[in-house]
Amino acid sequence: MKKYLSIIMFSLSAIVFSQKTDSYTAQTLVLFNGADWETLIIVAHDAIENKATSYEIDYRLAVAYYYTKNYYDCAEQFEYIIKKYQTKNEVILEYLYYSYLFTGRQQDALLISQDFPFHIQEKTGVKSFQFIDFLTSEGGMKMSNKKEFGIDNLKYLNGGFGQQLGYRIKLFHAFTSLSQNYIDFDYKQREYYGNIQIQLAKGLTLIPAFHYINTEENNQTTTRRGNYPNTISSGIDISTQLFHFAVKKQWNRFSITPSIIYYSLKNSNLGTSTKLQYGLNMGYSIKGTRDKLWLGAGGEIISSSTKNNFIWNVKALYNISPKTYLYVKYLNANTSDFAIENVMYYYNATSILVDNFNATFGYYFTPKFSWYLNYQFENAKDLDYDLSFSYNTIITGIKFDF
């Protein structure tokens with residue numbers, strides 16, 4: 001008797017569940033056809049809470065996320081559909097591709113595009129190989145407030161290009177030139193930076209990088225013998241090599257990037273020295289702002305034979321509109337000789353960087369051509385002269401994607 005009652009109860013539950021699911025399926029279909037995305041999201045969430053969902057409801061919810069620009073939720077929902085229903089058709093792949101692209105996950109977008117049929121590849125313009133993927137150029141000036149003490153402006157020029165080697169590997173190369181007259185010496189610096197991004201799997205990226213810096217210093221020291229000044233000039237050649245390795249892991253809105261940097265510095269007068277830097281950076285997109293606001297923070301430990309130093313940063317990116325963004329960052333250091341941003345930027349000044357405030361405004365003239373303007377305010381200190389000073393920096397640049 002109990003066996004029959006169990007069968008009857010199960011059958012009734014199945015009928016009720018089927019009726020609920022059919023009702024939600026019908027409602028979401030009407031809302032889907034009418035493009036009432038906001039209401040569709042509410043109804044689909046109600047179906048999920050009542051455990052009355054289906055493939056059709058889940059799919060319509062993912063599409064509704066896309067058209068309400070909830071791209072993180074859209075990507076997560078389509079990932080869930082692929083896993084739960086074991087399906088990966090071309091429509092799902094295309095939605096997922098653009099969702100990754102619009103959330104800054106270009107490597108994941110490229111990775112999934114390898115499964116595109118030919119006509120979707122043609123539609124999206126995805127290519128598996130590009131010898132020149134993009135070009136960048138920027139330049140600017142670091143303006144000193146202590147020129148009367150011999151700390152002159154610093155001139156800066158940089159150019160770079162990207163490459164795409166298949167669906168998993170991207171390379172970036174940059175060349176930099178800068179020069180400055182600083183109190184009792186002047187220097188010229190030439191740099192090469194190379195970065196590789198290797199996408200091992202969805203949300204998992206290896207980032208090895210190399211930065212080579214050659215600094216030529218012309219030192220001048222003035223002494224007096226009686227009433228006669230004696231100026232001694234000497235040249236120093238410094239070669240610095242930075243080897244960087246990082247792993248970035250992305251979980252939907254949250255990312256974490258541990259890193260390690262090995263420094264090798266060869267001074268023509270002092271010989272060779274080495275040190276290590278350990279870093280950890282994190283970022284999170286704020287859902288409550290419709291993902292217009294992204295927040296990040298990180299820290300670096302610089303370990304040498306004499307002492308350890310710790311630097312930290314906080315940053316925020318706000319997408320003002322589809323074409324404009326504002327990026328701000330605060331860096332607190334109280335040291336010198338350290339690297340940031342996947343070892344792309346290296347602070348090797350004679351003076352100590354106390355802290356730096358950085359703001360960048362960017363504008364996309366077209367999806368392939370963008371321009372940005374960067375302002376920085378930097379506090380610094382020269383311990384040898386017990387001198388505090390500051391820089392105001394203006395940098396502008398362009399990027400062209402092919």
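Trainee: Which residue in S16 is the bridge partner of leucine 373?

Mentor: Threonine 396 is that partner. Bear in mind that this is a predicted model.

Trainee: What makes S15 and S16 a pair of strands?

Mentor: Pairing requires at least two bridges between the strands. S15, residues 369-382, and S16, residues 387-401, share 14 bridges, so they pass that cut-off. The sense of the pairing is antiparallel.

Trainee: In which sense do S14 and S15 pair, parallel or antiparallel?

Mentor: Antiparallel, over 13 bridges. One of the bridges joins aspartate 355 to asparagine 379 in S15. A hairpin of 2 residues leads from S14 to S15, whereas the hairpin of S15 and S16 has 4 residues between its strands.

Trainee: Which residues of S15 are on its covered face, and which on the uncovered one?

Mentor: The covered face has Ser370, Tyr372, Asn374, Gln376, Glu378, Ala380 and Asp382. The uncovered face has Phe369, Trp371, Leu373, Tyr375, Phe377, Asn379 and Lys381.

Trainee: Why do side chains alternate between two faces?

Mentor: That is the general pattern of a regular strand, where side chains alternate between the two faces of the sheet. In S15, Ser370 and Tyr372 are on the covered face, with Trp371 on the uncovered one.

Trainee: Why is threonine 360 called buried?

Mentor: The cut-off for buried is under 20% relative accessible area. Threonine 360 has 10%, so the residue counts as buried. Its place is in strand S14, residues 352-366.

Trainee: What makes the link between threonine 360 and asparagine 374 a polar contact?

Mentor: The distance limit is 3.5 Å between N or O atoms. The side chains of threonine 360 and asparagine 374 are joined at 2.8 Å, within that limit. Asn374 is also on the covered face of S15.

Trainee: Which residues does threonine 360 contact beyond its neighbours within four places in sequence?

Mentor: They are Tyr325, Leu326, Tyr327, Tyr372, Leu373 and Asn374.

Trainee: Why is serine 113 called buried?

Mentor: Serine 113 has a relative accessible area of 0%, which is under the 20% cut-off, so the residue is buried. Serine 113 lies in a loop, between helix H6 (106-112) and helix H7 (118-124). With neighbours within four places in sequence left aside, serine 113 is in contact with Tyr97, Gln121, Val126 and Tyr167.

Trainee: How do you know that aspartate 386 is exposed?

Mentor: Exposed requires over 50%. Aspartate 386 is at 61%, so the residue meets the condition. Its place is in the loop between S15 and S16, and the residue has a positive phi of about 50° although it is not a glycine.

Trainee: What makes aspartate 337 partly exposed?

Mentor: Its relative accessible area is 26%. That value falls between the 20% and 50% limits, so neither buried nor exposed applies. Aspartate 337 is found in the loop between S11 and strand S12 (338-340). It too is not a glycine and has a positive phi, of about 60°.

Trainee: Which residues lie nearest the centre of the second largest pocket?

Mentor: Lys275, Ser304, Thr306, Ser336 and Asp337, from a lining of 20 residues. Elements giving two or more residues to this lining are S7, S8 and strand S11 (324-335). S8 gives the most, with 3 residues. The volume of the pocket is about 500 Å³.

Trainee: How many residues of the lining of the second largest pocket are nonpolar, polar and charged?

Mentor: The lining has 6 nonpolar, 11 polar and 3 charged residues. Of the residues nearest the centre, Lys275 and Asp337 count as charged, since Lys and Asp are in that class.

Trainee: How do you know that S7 and S8 pair?

Mentor: The requirement is at least two bridges, and S7 (residues 254-267) and S8 (residues 271-285) have 14, in the antiparallel sense. Among the bridge partners are tyrosine 262 and, in S8, leucine 276. The two strands form a hairpin with 3 residues between them.

Trainee: Why is asparagine 269 called exposed?

Mentor: Asparagine 269 is at 54% relative accessibility, and the cut-off is over 50%, so the residue counts as exposed. Its place is in the loop between S7 and S8. The C-alpha atom of asparagine 269 is separated from that of threonine 136 by 36 Å, with the two residues 133 residues apart along the chain.

How values were computed: Residues are numbered from 1 along each chain as its sequence is written. This is a predicted model: local features need pLDDT of at least 70, side-chain atom pairs count only at pLDDT 80 or more; totals for chains, interfaces and linings use all residues. Side-chain values use heavy atoms; hydrogens and water are left out. Buried means under 20% relative accessible area, exposed over 50%, partly exposed in between (1.4 Å probe, protein chains only). A polar contact is a pair of N or O atoms within 3.5 Å; within protein, one must be able to donate a hydrogen and the other to accept it, and residues adjacent in sequence count only if both atoms are side-chain atoms. Contact means heavy atoms within 4.5 Å. On a 1 Å grid over the protein atoms alone, a cavity is a set of points where a 1.4 Å probe fits but cannot get out, and a pocket is an open set with protein on both sides within 12 Å along at least five of seven lines; lining residues have an atom within 4 Å of a point. Grid points are joined across faces, edges and corners, and a volume is the space filled by probe spheres set on the points.
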